[in-house]
Amino acid sequence: MGLLDVETIRKSFPFFDPAADGSGPPVYLDSAATTQKPAAVLDQLNAYYTRSNANVHRGVYRLAVEATELYEGARSKVAAFVGARRSEEIVFTKNATEAVNLLSYSLMWAADEHRVGPGDEIVVTEMEHHSNLIPWRLLAERVGAKISYLGITNDGRLDLSALEERVTERTKLVAVVHASNILGTINPIAPIAARAAEVGALLVVDAAQSVPHLGIDVNALGADFVTFSGHKMCGPTGIGVLWGKYDLLAELPPFLGGGEMIETVTVDAMAYAPPPLRFEAGTPPVAQAVGLGAACDYLDSLGMDAIAAHDQALIEYALDRLGQVPGIRFIGPENTADRLPLMSFVLDGVPLQQVRTALDQAGIAVRSGHHCAQLACSRFGIPAAVRASFYLYNTPAEVDFLADTLERTRSTTTVYATPPELTDTRPVRPYKEILMPGIFEPWGHALVGALAPAPGARALDVGTGPGTVARLLAAAVGPTGAVVGTDISAGMLALAKEEPSAPGSAAIQYVECGAAPLHVSDEAFDLVTMQQVLQYVPDRRAAVAELRRALRPGARLAIATWLPLDRNPLFEALHAALTSVLGREAAAQFEEPWSLSGEEVADLVAFAGFGQVRLDRWTVPVTVAGGAEALSCLYSFSAVGPEVAGLGGERRTALLDAVRANLADRTDADGVHALTASSVVTATAI
């Protein structure tokens, strides 16, 4: 199959050593995010810090000279690894993202020939990682340039049919990913490079995924600049690379100012250092560079051709084996030509969050989400996907284990394949028609008002039911925002989809989720609401941790939980009626939603890593149209529902009479009126 001797290779990686208790590591299938590190790299890092640690380029004592030689030696190793003509073409950054940002700022400040300014055009692709998209979008916004896109074909390849139409004499820069981190596609750079050169545009290639697998030659690639990261090629985190043609680097101004990037400075003049130092202000990541040099040595020792052959054999096997999993749908090319050893997929009918959790519980480490490639996800009509990515230490047996686990997951998970319009909503319709307008909508207005969503925000409503709070959020964040509503009930979500959002509202995506454990979307949100749900979740600590995972730093959270029955006259009246007809033991089941205190919720939120935790006790007036008869539908949605449903006609009448009597002083022609009370915990993700 062209496979490497993985058993021997794994002995070079401490990650794969058994733990003291004999347990092994997870099946690691997330190398597209970051690779494991061989001992040769870790040893070099340790040796530098313990025996060679000194600042570089400045001292003339022996240790400082040795540190400088190690740092510049690493630069030479990286240059040789990617075929650079001289080591000065290698600029060390902290990651590939910083390398792209360095370029975007330098081009904003460059001399006329290379400066990107008003009216200029930047061409990117819909396949880009955000690291090679957002910096160019920001540059365009700042200088008044225009962004245009090369699209993606239905089979996950870069669509070059409009290349000449998109890349014109007005184009100043083209930015393209060499290999997609979500689709696995390896893009043909040569025709893009030729067209860019024809119109005089600069070409920037994001090679973060390709350098670890393909052994690229930057000059043969035809690019002007290439960026990549150390941690994806067995090197340390905190080190990235910008390669650029030396003449171009020499013409660009620096990105950051400070020590080392300056050649001379006087009170009224200064001269920049030559590349690469002009782009490496301050103390550089010396140890990380040394580690990256060691990673280049390690990969060279295996041979990039051998690594590429191993990758090809794995992806061929994986596409075939996983293709046998019922309901799997690959996002990207389904053939192995020009393909990295990674695959993104969904299981039709099985929520992504359940797939992710099942794989994690089986000991398989994969990535899920939009993979910082939202344009590609949107192109294929999905918000997110699971991604399995392989490298030189993975085996066909691990592919089998992944496929077997997916098959078990599908066979043991209820697959919701019924179209929403055919879902039976009759059992839950009273929730929408009676409880939502009477009780939950007033609380939804209070929660959304407390969070004061900004236009354009991304919001998540957990336990969305028939979507009332989701629609309130959608109206608040407006058409530039987005809302996801999750619920464990297919019937509830079917109700939610019946009612459209108000004009001018954000799009709403309804997602079926789990409750034990709680699952939420893999997207990042600006705010989350949870109304009267947490008390029903078995593992509350895990649930709040899941909410924290879904929020970006600075995002806000609001959780409402009912206060005890004596603070909620409506529900106390229902409880008293149950006690009089069914007895205390049965009525105790009705108390469950009120068993979770606000203090406990606040403690859970603080423990999960939220800050600015605040606990308030709110009361909100509610009116349930239809009186006691309508309000009694709440029994059906509580733990006592089966017992109430099983009552004979005489006892059901007695229960309804008891409810009427208990609510007589709060009932008029408009319905039942009362105050409801909840603990409301608000917090900020830190």
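## Exercises on a predicted model

The buried residues of H5 pack against helix H4 (96–109) and against four strands: S3 (121–125), S4 (146–150), S5 (171–177) and S6 (202–206). This is a predicted model, in which local features need pLDDT of at least 70 and side-chain atom pairs count only at pLDDT 80 or more, while totals for chains, interfaces and linings use all residues. Residues are numbered from 1 along each chain as its sequence is written, and side-chain values use heavy atoms, with hydrogens and water left out.

**Exercise 1. Find the buried residues of helix H5 and state how they are arranged around its axis.**

Step 1. Settle the terms. Helices (H or I, at least four residues) and strands (E, at least two) are DSSP runs, numbered from the N terminus. Buried means under 20% relative accessible area, exposed over 50%, and partly exposed in between (1.4 Å probe, protein chains only). Contact means heavy atoms within 4.5 Å.

Step 2. Go through residues 134–143: the buried ones are Pro-135, Trp-136, Leu-139, Ala-140 and Val-143.

Step 3. Look down the axis of H5. Its buried residues fall within an arc of 140 degrees, so they line one face of the helix; the arc is that of the directions from the helix axis to the C-beta atoms.

Step 4. Check what follows the helix. Just after H5, Gly-144 takes a positive phi of about 85 degrees.

**Exercise 2. Describe the largest nonpolar core and the contacts of Leu-299.**

Step 1. A nonpolar core is a set of buried Ala, Val, Leu, Ile, Met, Phe, Trp, Tyr and Cys residues joined through side-chain atoms within 4.5 Å.

Step 2. The largest one has 77 residues, and those touching the most other members are Ile-90, Phe-92, Leu-203, Val-226, Leu-299 and Leu-392. Helix H11 (residues 286–302) gives this core its largest share, 10 residues.

Step 3. Now pick Leu-299. Leaving aside residues up to four places away in sequence, Leu-299 touches Phe-81, Met-233, Cys-234, Met-304, Ile-307, Tyr-391 and Leu-392.

Step 4. Look elsewhere too: a second, separate core of 61 residues includes Ala-459, Leu-495, Phe-571 and Val-659.

**Exercise 3. Work out which parts of the chain the salt bridges Asp-30 to Arg-367 and Glu-499 to Lys-432 tie together.**

Step 1. A salt bridge is a side-chain nitrogen of Lys or Arg within 4 Å of a carboxyl oxygen of Asp or Glu. The whole structure holds 33 of them.

Step 2. In the pair Asp-30 and Arg-367, the closest N and O atoms are 4.0 Å apart. Asp-30 lies in the loop between strand S1 (27–28) and helix H2 (39–52) and Arg-367 in strand S14 (residues 367–369), so the pair ties together parts that are 337 residues apart in sequence.

Step 3. Compare their accessibility: Asp-30 is buried at 12%, while Arg-367 is partly exposed at 36%.

Step 4. Turn to Glu-499 and Lys-432, whose side chains meet at 3.9 Å, N to O. Glu-499 lies in the loop between helix H18 (490–498) and strand S18 (507–512) and Lys-432 in helix H16 (residues 429–451), so this pair ties together parts that are 67 residues apart in sequence.

Step 5. Widen the view. Both residues belong to a network of salt bridges that links Arg-429, Lys-432, Glu-433, Arg-471, Glu-498 and Glu-499.
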